[in-house]
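Visitor: I've got a model open on my screen and I'd like a walk through it. Can we take it one question at a time?

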Amino acid sequence: MPRQFFVGGNFKMNGTIKSITDIINNLNNAKLDPNVEVVVAPSSLYLLLVREHLRKEIEVAAQNVYDKPNGAFTGEISVEQLKSSGINWTLLGHSERRVILQEDDKFVASKTKAALDGDVSVILCCGESLEQREAGKTIEVVNNQLKAVAAEIKDWSKIVIAYEPIWAIGTGKVATTEQAQEVHAAIREWLKKDVSPEVADKTRIIYGGSVSEKNCKELAKQPDVDGFLVGGASLKPAFVDIINANQ
Ligand code: PEP
(Lines give C-alpha, C1' and ligand atoms only; values in the text may rest on other atoms or scores of the structure.)
Protein backbone atom coordinates (compact mmCIF):
# COMPACT_ATOMS: atom_id res chain seq x y z
CA MET A 1 0.00 0.00 0.00
CA PRO A 2 1.46 3.39 -0.93
CA ARG A 3 1.82 5.88 1.88
CA GLN A 4 -0.83 8.60 1.84
CA PHE A 5 0.68 12.04 1.14
CA PHE A 6 0.47 14.23 4.24
CA VAL A 7 0.62 18.02 4.51
CA GLY A 8 0.70 19.80 7.86
CA GLY A 9 0.40 23.54 8.40
CA ASN A 10 2.14 24.98 11.44
CA PHE A 11 0.76 28.46 12.09
CA LYS A 12 3.17 28.92 15.05
CA MET A 13 2.37 32.00 17.20
CA ASN A 14 0.79 33.82 14.27
CA GLY A 15 -2.67 35.06 13.47
CA THR A 16 -5.64 36.77 15.08
CA ILE A 17 -9.30 35.78 14.96
CA LYS A 18 -9.64 37.80 11.75
CA SER A 19 -6.66 36.33 9.87
CA ILE A 20 -7.27 32.77 11.10
CA THR A 21 -10.88 33.07 9.90
CA ASP A 22 -9.57 34.15 6.49
CA ILE A 23 -7.35 31.03 6.37
CA ILE A 24 -10.31 28.81 7.35
CA ASN A 25 -12.46 30.36 4.60
CA ASN A 26 -9.71 29.97 2.03
CA LEU A 27 -9.26 26.27 2.87
CA ASN A 28 -13.01 25.66 3.02
CA ASN A 29 -13.47 27.08 -0.48
CA ALA A 30 -10.40 25.48 -2.07
CA LYS A 31 -10.32 22.46 -4.33
CA LEU A 32 -7.99 20.12 -2.44
CA ASP A 33 -6.47 16.88 -3.68
CA PRO A 34 -8.72 14.28 -1.99
CA ASN A 35 -5.77 11.86 -1.73
CA VAL A 36 -3.87 14.13 0.66
CA GLU A 37 -4.25 14.06 4.44
CA VAL A 38 -4.19 17.65 5.72
CA VAL A 39 -3.70 18.75 9.33
CA VAL A 40 -3.35 22.35 10.52
CA ALA A 41 -1.89 23.52 13.83
CA PRO A 42 -3.06 26.93 15.03
CA SER A 43 -2.16 28.51 18.38
CA SER A 44 -3.90 26.75 21.26
CA LEU A 45 -6.15 29.77 21.78
CA TYR A 46 -7.69 29.19 18.33
CA LEU A 47 -7.95 25.38 18.34
CA LEU A 48 -11.70 25.40 19.06
CA LEU A 49 -12.41 28.17 16.56
CA VAL A 50 -10.59 26.30 13.81
CA ARG A 51 -12.12 22.93 14.74
CA GLU A 52 -15.61 24.41 14.69
CA HIS A 53 -15.41 26.20 11.35
CA LEU A 54 -12.88 24.28 9.25
CA ARG A 55 -14.10 21.60 6.83
CA LYS A 56 -14.21 18.32 8.66
CA GLU A 57 -11.87 16.35 6.39
CA ILE A 58 -9.01 18.58 7.58
CA GLU A 59 -7.81 17.60 11.05
CA VAL A 60 -6.58 20.13 13.61
CA ALA A 61 -3.42 19.74 15.69
CA ALA A 62 -2.13 21.40 18.82
CA GLN A 63 1.43 22.71 18.59
CA ASN A 64 2.35 21.03 21.87
CA VAL A 65 0.88 18.97 24.71
CA TYR A 66 2.04 18.18 28.25
CA ASP A 67 2.91 14.69 29.47
CA LYS A 68 0.91 14.79 32.73
CA PRO A 69 -2.84 14.08 32.80
CA ASN A 70 -3.91 17.12 34.86
CA GLY A 71 -2.98 19.23 37.87
CA ALA A 72 -0.86 22.18 38.84
CA PHE A 73 0.93 22.82 35.53
CA THR A 74 0.15 26.43 34.77
CA GLY A 75 0.05 27.25 31.07
CA GLU A 76 0.10 23.64 29.90
CA ILE A 77 -2.56 21.65 28.02
CA SER A 78 -3.36 17.98 28.58
CA VAL A 79 -4.07 15.23 26.09
CA GLU A 80 -7.54 14.78 27.58
CA GLN A 81 -8.27 18.48 27.09
CA LEU A 82 -7.31 18.17 23.42
CA LYS A 83 -9.50 15.10 22.93
CA SER A 84 -12.46 16.73 24.63
CA SER A 85 -12.11 19.66 22.20
CA GLY A 86 -12.13 17.43 19.11
CA ILE A 87 -8.39 17.77 18.56
CA ASN A 88 -6.88 14.47 17.44
CA TRP A 89 -3.32 15.56 16.59
CA THR A 90 -0.38 17.37 18.12
CA LEU A 91 3.01 18.55 16.88
CA LEU A 92 5.84 17.53 19.18
CA GLY A 93 9.56 18.19 19.23
CA HIS A 94 9.50 21.22 16.97
CA SER A 95 12.98 22.75 16.90
CA GLU A 96 11.63 26.07 18.18
CA ARG A 97 10.57 24.25 21.33
CA ARG A 98 13.75 22.18 21.50
CA VAL A 99 16.00 25.24 21.08
CA ILE A 100 14.11 28.19 22.60
CA LEU A 101 12.28 26.27 25.35
CA GLN A 102 15.08 23.74 25.85
CA GLU A 103 12.98 20.61 25.47
CA ASP A 104 15.28 17.60 25.37
CA ASP A 105 14.87 14.28 23.53
CA LYS A 106 13.61 12.54 26.68
CA PHE A 107 10.89 15.11 27.34
CA VAL A 108 9.74 15.00 23.70
CA ALA A 109 9.62 11.20 23.96
CA SER A 110 7.61 11.33 27.19
CA LYS A 111 5.10 13.72 25.61
CA THR A 112 4.87 11.49 22.53
CA LYS A 113 4.00 8.54 24.77
CA ALA A 114 1.37 10.57 26.64
CA ALA A 115 -0.25 11.71 23.37
CA LEU A 116 -0.37 8.20 21.90
CA ASP A 117 -1.67 6.71 25.16
CA GLY A 118 -4.53 9.22 24.95
CA ASP A 119 -5.22 8.43 21.29
CA VAL A 120 -3.79 11.69 19.94
CA SER A 121 -1.68 11.29 16.80
CA VAL A 122 1.71 12.96 16.65
CA ILE A 123 3.66 14.91 14.05
CA LEU A 124 7.09 14.21 15.52
CA CYS A 125 9.70 16.76 14.45
CA CYS A 126 13.41 16.07 14.24
CA GLY A 127 16.32 17.78 12.57
CA GLU A 128 19.85 19.07 12.89
CA SER A 129 21.37 22.53 13.28
CA LEU A 130 23.72 23.98 10.66
CA GLU A 131 26.66 23.37 12.97
CA GLN A 132 25.70 19.69 13.36
CA ARG A 133 25.27 19.31 9.57
CA GLU A 134 28.65 20.88 8.91
CA ALA A 135 30.21 18.52 11.46
CA GLY A 136 28.75 15.56 9.53
CA LYS A 137 26.41 14.67 12.41
CA THR A 138 23.02 15.00 10.71
CA ILE A 139 22.03 11.34 10.70
CA GLU A 140 23.40 10.75 14.21
CA VAL A 141 21.43 13.70 15.64
CA VAL A 142 18.19 12.72 13.92
CA ASN A 143 18.57 9.06 14.89
CA ASN A 144 19.21 9.99 18.52
CA GLN A 145 16.06 12.13 18.58
CA LEU A 146 14.05 9.21 17.20
CA LYS A 147 15.75 6.58 19.38
CA ALA A 148 14.58 8.44 22.49
CA VAL A 149 10.99 8.05 21.23
CA ALA A 150 11.52 4.40 20.27
CA ALA A 151 12.57 3.72 23.87
CA GLU A 152 9.12 4.88 25.06
CA ILE A 153 6.69 3.61 22.45
CA LYS A 154 6.01 0.48 20.44
CA ASP A 155 3.18 1.50 18.12
CA TRP A 156 4.26 3.90 15.34
CA SER A 157 0.95 3.84 13.46
CA LYS A 158 -0.15 7.22 14.81
CA ILE A 159 3.16 8.99 14.21
CA VAL A 160 4.19 11.07 11.21
CA ILE A 161 7.89 11.93 11.31
CA ALA A 162 8.73 15.47 10.17
CA TYR A 163 12.36 15.95 9.17
CA GLU A 164 13.04 19.66 9.58
CA PRO A 165 16.64 20.84 9.30
CA ILE A 166 16.81 23.82 11.66
CA TRP A 167 18.86 25.85 9.17
CA ALA A 168 16.00 25.62 6.67
CA ILE A 169 13.16 26.68 8.97
CA GLY A 170 11.86 30.17 8.26
CA THR A 171 15.07 31.07 6.46
CA GLY A 172 14.01 30.69 2.83
CA LYS A 173 16.93 28.26 2.55
CA VAL A 174 15.25 25.00 1.55
CA ALA A 175 17.15 21.71 1.65
CA THR A 176 17.95 20.44 -1.83
CA THR A 177 15.88 17.52 -3.03
CA GLU A 178 19.00 15.33 -2.62
CA GLN A 179 19.61 16.51 0.96
CA ALA A 180 15.99 15.86 1.93
CA GLN A 181 15.89 12.45 0.22
CA GLU A 182 19.19 11.38 1.80
CA VAL A 183 18.00 12.05 5.35
CA HIS A 184 14.52 10.63 4.75
CA ALA A 185 16.06 7.43 3.38
CA ALA A 186 18.37 7.24 6.40
CA ILE A 187 15.41 7.63 8.78
CA ARG A 188 13.57 4.86 6.94
CA GLU A 189 16.65 2.65 7.15
CA TRP A 190 16.89 3.31 10.88
CA LEU A 191 13.18 2.44 11.31
CA LYS A 192 13.77 -0.77 9.37
CA LYS A 193 16.70 -1.84 11.54
CA ASP A 194 15.68 -0.56 14.98
CA VAL A 195 11.89 -0.80 14.82
CA SER A 196 10.65 -3.08 12.02
CA PRO A 197 10.54 -3.33 8.21
CA GLU A 198 6.76 -2.96 8.35
CA VAL A 199 6.93 0.29 10.34
CA ALA A 200 9.64 1.56 7.98
CA ASP A 201 7.40 0.87 5.04
CA LYS A 202 4.25 2.42 6.50
CA THR A 203 5.48 5.49 8.39
CA ARG A 204 5.13 8.82 6.62
CA ILE A 205 8.31 10.92 6.69
CA ILE A 206 7.53 14.50 5.72
CA TYR A 207 9.90 17.38 5.03
CA GLY A 208 9.73 20.84 6.62
CA GLY A 209 11.85 23.93 6.09
CA SER A 210 10.96 26.80 3.76
CA VAL A 211 8.57 24.69 1.68
CA SER A 212 6.76 26.90 -0.82
CA GLU A 213 4.50 26.59 -3.83
CA LYS A 214 7.68 26.94 -5.93
CA ASN A 215 9.78 24.09 -4.51
CA CYS A 216 7.10 21.62 -3.36
CA LYS A 217 6.64 19.73 -6.64
CA GLU A 218 10.30 18.71 -6.96
CA LEU A 219 10.53 17.72 -3.29
CA ALA A 220 7.31 15.69 -3.57
CA LYS A 221 8.87 13.57 -6.34
CA GLN A 222 11.48 12.12 -3.98
CA PRO A 223 10.66 8.50 -3.12
CA ASP A 224 11.00 8.94 0.65
CA VAL A 225 9.34 12.36 0.91
CA ASP A 226 5.76 11.60 1.94
CA GLY A 227 4.58 15.16 2.37
CA PHE A 228 5.41 18.43 4.08
CA LEU A 229 5.25 20.36 7.30
CA VAL A 230 4.74 23.96 6.25
CA GLY A 231 5.30 27.00 8.47
CA GLY A 232 5.21 30.45 6.89
CA ALA A 233 3.50 29.40 3.66
CA SER A 234 0.64 27.73 5.56
CA LEU A 235 -0.60 31.21 6.47
CA LYS A 236 -0.91 32.15 2.81
CA PRO A 237 -3.32 31.13 0.02
CA ALA A 238 -0.34 29.31 -1.59
CA PHE A 239 -0.78 26.60 1.09
CA VAL A 240 -3.43 25.14 -1.21
CA ASP A 241 -0.84 24.75 -4.01
CA ILE A 242 1.44 22.90 -1.60
CA ILE A 243 -1.38 20.55 -0.57
CA ASN A 244 -1.96 19.93 -4.28
CA ALA A 245 1.77 19.43 -5.04
CA ASN A 246 1.15 16.08 -6.72
CA GLN A 247 -1.46 17.35 -9.18
C1 PEP B 1 8.04 24.87 10.59
O2 PEP B 1 8.01 25.73 11.44
O3 PEP B 1 7.69 23.72 10.87
C4 PEP B 1 8.49 25.24 9.25
C5 PEP B 1 8.81 24.28 8.42
O6 PEP B 1 8.57 26.57 8.95
P7 PEP B 1 8.84 27.26 7.51
O8 PEP B 1 8.01 26.51 6.51
O9 PEP B 1 8.39 28.68 7.67
O10 PEP B 1 10.29 27.13 7.24
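Visitor: Let's start inside. How many cavities of 30 Å³ or more are there?

Guide: Bear in mind that this is a predicted model. Rolling a probe the size of a water molecule over the atoms shows where empty space is left. With that approach, the count of cavities of 30 Å³ or more comes to one.

Visitor: What volume does the largest cavity have?

Guide: Its lining includes Gly93, His94, Cys125 and Glu164. By class, that lining has three nonpolar, five polar and two charged residues. The volume of the largest cavity is about 40 Å³.

Visitor: Which elements give two or more residues to the lining of the largest cavity?

Guide: Ser95 and Arg98 are among the lining residues, and so are Cys125 and Cys126. The elements that give two or more residues are helix H4 (95-99) and strand S5 (121-126).

Visitor: Now for the pockets. Which residues lie nearest the centre of the largest pocket?

Guide: This pocket holds about 490 Å³ of space. Its lining has nine nonpolar, seven polar and four charged residues. Of the 20 residues that line the largest pocket, those nearest its centre are Met13, Gln63, Asn64, Arg97 and Leu101.

Visitor: Asn64 caught my eye. What distance goes with the polar contact between the side chains of Lys111 and Asn64?

Guide: Lys111 sits in helix H5 (residues 105-117). Its partner Asn64 is one of the residues nearest the centre of the largest pocket. The polar contact between the two side chains is 2.7 Å.

Visitor: Is Lys111 buried or exposed?

Guide: A residue counts as buried under 20% relative accessible area. Lys111 comes in at 1% relative accessibility, so the label is buried.

Visitor: Which residue forms a salt bridge with Lys111?

Guide: Side chains of opposite charge can pair when their charged atoms come close. Here the closest N and O atoms are 2.9 Å apart. The partner is itself buried, with a relative accessible area of 6%. It's Glu103.

Visitor: How many salt bridges does the count come to?

Guide: The rule asks for a side-chain nitrogen of Lys or Arg within 4 Å of a carboxyl oxygen of Asp or Glu. The Glu103 and Lys111 pair, at 2.9 Å, is one of them. The count comes to 20 salt bridges.

Visitor: How many residues apart are Arg3 and Asp226?

Guide: These two form a salt bridge, with the closest N and O atoms 3.0 Å apart. Arg3 lies in the segment before strand S1 (6-10), while Asp226 is in the loop between helix H10 (216-220) and strand S8 (227-230). The pair thus links distant parts of the chain, 223 residues apart.

Visitor: Of that pair, which one counts as buried?

Guide: Arg3 has a relative accessible area of 25%, so Arg3 is partly exposed. At 6% relative accessibility, the one that counts as buried is Asp226.

Visitor: Which residues are linked with Arg3 in a network of salt bridges?

Guide: We've already met one link, between Arg3 and Asp226. Another member of the network, Arg188, is a buried residue of H8. Linked with Arg3 in the network are Arg188, Asp201, Asp224 and Asp226.

Visitor: What volume does the second largest pocket have?

Guide: By class, its lining has seven nonpolar, four polar and seven charged residues. The volume comes to about 400 Å³.

Visitor: Which of its 18 lining residues are closest to the centre, and which element gives the most to the lining?

Guide: Closest to the centre are Arg3, Ser157, Lys202, Thr203 and Arg204. Strand S6 (159-163) and helix H9 (197-202) each give two or more residues to this lining. The element that gives the most, with four residues, is H9.

Visitor: How far apart are the end C-alpha atoms of helix H8?

Guide: H8 covers residues 177-195, which makes 19 residues. At 1.5 Å a residue they should span 27 Å. The end C-alpha atoms agree with that, being 26 Å apart.

Visitor: One last pair. Which residue forms a salt bridge with Asp22?

Guide: An α-helix has 3.6 residues a turn, so residues three or four places apart point the same way. Asp22 and its partner both lie in helix H1 (residues 17-29), four residues apart. The closest N and O atoms are 2.8 Å apart, and the partner is Lys18.

Technical notes. Residues are numbered from 1 along each chain as its sequence is written. This is a predicted model: local features need pLDDT of at least 70, side-chain atom pairs count only at pLDDT 80 or more; totals for chains, interfaces and linings use all residues. Side-chain values use heavy atoms; hydrogens and water are left out. Buried means under 20% relative accessible area, exposed over 50%, partly exposed in between (1.4 Å probe, protein chains only). On a 1 Å grid over the protein atoms alone, a cavity is a set of points where a 1.4 Å probe fits but cannot get out, and a pocket is an open set with protein on both sides within 12 Å along at least five of seven lines; lining residues have an atom within 4 Å of a point. Grid points are joined across faces, edges and corners, and a volume is the space filled by probe spheres set on the points. Ala, Val, Leu, Ile, Met, Phe, Trp, Tyr, Cys and Pro count as nonpolar, Asp, Glu, Lys and Arg as charged, and the others, Gly among them, as polar. The expected span of a helix is 1.5 Å times one less than its number of residues. A polar contact is a pair of N or O atoms within 3.5 Å; within protein, one must be able to donate a hydrogen and the other to accept it, and residues adjacent in sequence count only if both atoms are side-chain atoms.
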